[in-house]
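Trainee: Could you walk me through how to read a structure like this one, feature by feature?
Mentor: Gladly. Let us put it on the screen and begin with the surface.

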Amino acid sequence: MLILNGAAKKKQVYAERLVQSGIFAHCRNPLYLGNILILLGVGIAGNSLPFVLFGIPILLFAYATIICAEEKYLEKKFGQEFKDYCKRVNRIIPNVSGIGNTIKGMEFNWKRLIVKEYATPFAWITGLSLLIMKDAYLDYGYASSKYITWSLSILILIVTSAFFTAWYLKKNKYLRLN
């Protein structure tokens, strides 16, 4: 829905146009829905009662406030166009009718992932690996879980190296989308 042309760095909502096509034709906030599902999956995999009791409500509240702020901005900026869009498309729960054709028409952009979105995969891959390591250690002890622990430690090392490489290249303007 939003095209952020550098506005995220300034910590403000900004949009040049209202995106209503592609995945945004099925759900107004598909990126937030994806983040919520990833975090819920990691939290559930962690088998954590405090996460269920406190983390999930805080997570849902945080995303609800972000969505409300963005929707107020979009309604003010795009007026009736945004209101009509809201009538057609759900806020969070996607309308799956025709989603297969939408997905077929999409192309994954590796460069965008590396330049813009590298922190999110780093966080969930690392978090989930640590949770698996913790559970394996607690369930089976070090001797039985050492191969899992070492394998996931190597994965975390690779992912951390990739994260800092992408961060460095982006910071020094070696990586750009244009």
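Mentor: The chain exposes about 12300 Å², and carbon and sulfur atoms supply 65% of that area. Accessible areas here come from the Shrake-Rupley method with a 1.4 Å probe, and for residues only the protein chains shown count as cover. Bear in mind that this is a predicted model: local features need pLDDT of at least 70, side-chain atom pairs count only at pLDDT 80 or more, and totals for chains, interfaces and linings use all residues. Residues are numbered from 1 along each chain as its sequence is written, and side-chain values use heavy atoms, with hydrogens and water left out.

Trainee: What does the secondary structure of the chain come to?
Mentor: Helices (H or I, at least four residues) and strands (E, at least two) are DSSP runs, numbered from the N terminus. The chain has six helices and zero strands, so from the N terminus on the order is α-α-α-α-α-α. Along its principal axes the C-alpha trace spans about 65 × 40 × 35 Å.

Trainee: How many of the residues in the chain are buried?
Mentor: Buried means under 20% relative accessible area, exposed over 50%, and partly exposed in between (1.4 Å probe, protein chains only). In this chain, 25% of the 178 residues are buried.

Trainee: And how should I read the contacts in the chain?
Mentor: Contact means heavy atoms within 4.5 Å. Take the contacts between residues at least 6 apart in sequence: 69% of them join residues at least 24 apart.

Trainee: Which residues make the nonpolar surface patch?
Mentor: Patches are made of residues with over 30% relative accessible area and no salt bridge; like charges are joined within 9 Å, and nonpolar side chains (Val, Leu, Ile, Met, Phe, Trp, Tyr) within 5 Å. Leu 49, Val 52, Leu 53, Phe 54 and Ile 58 make a nonpolar patch of about 530 Å². One of them, Leu 53, sits in helix H2, which covers residues 49–78.

Trainee: Now the charges: how many positive and negative side chains does the chain have?
Mentor: Lys and Arg count as positive and Asp and Glu as negative, while His and the chain ends are not counted. The place of a charge is taken as NZ of Lys, CZ of Arg, CG of Asp or CD of Glu. The chain has 22 positive and 10 negative side chains, with the centres of the two sets 7 Å apart.

Trainee: How many salt bridges does the structure hold?
Mentor: A salt bridge is a side-chain nitrogen of Lys or Arg within 4 Å of a carboxyl oxygen of Asp or Glu. The structure holds four. In one of them, Arg 28 pairs with Glu 71, and their closest N and O atoms are 2.7 Å apart. This pair links distant parts of the chain: Arg 28 lies in the segment before helix H1 (30–45) and Glu 71 in helix H2, 43 residues apart.

Trainee: Are Arg 28 and Glu 71 buried or exposed?
Mentor: Both are buried. Glu 71 counts as buried because its relative accessibility is 9%.

Trainee: Which other salt bridge does Glu 71 take part in?
Mentor: The side chains of Glu 71 and Arg 91 also meet in a salt bridge, at 2.7 Å from N to O. This pair, too, links distant parts of the chain: Glu 71 is in helix H2, and Arg 91 is in the loop between helix H3 (80–88) and helix H4 (99–104), 20 residues apart. With a relative accessible area of 40%, Arg 91 is partly exposed.

Trainee: What about Glu 75 and Lys 83?
Mentor: They form a salt bridge with closest N and O atoms 3.8 Å apart. Glu 75 is partly exposed at 39% relative accessibility, and Lys 83 is partly exposed at 37%. Looking at the bridges that share partners, Arg 28, Glu 71 and Arg 91 are joined into one network.

Trainee: Where is Ala 136 found, and which residues does Ala 136 touch?
Mentor: Ala 136 is found in helix H6, and its relative accessible area of 7% makes it buried. Leaving out residues up to four places away in sequence, Ala 136 touches Gly 141, Ser 145 and Ile 148. Ile 148 is in helix H6 as well and is partly exposed at 40% relative accessibility. With that sequence filter, Ile 148 touches Ile 132 and Ala 136.

Trainee: How far apart in space are Ser 153 and Ile 93?
Mentor: Their C-alpha atoms are 36 Å apart, with their positions 60 residues apart in sequence. Ser 153 is in helix H6 (residues 119–171), whereas Ile 93 is in the loop between H3 and H4. Ile 93 is exposed, with a relative accessible area of 58%, and Ser 153 is partly exposed at 28%.
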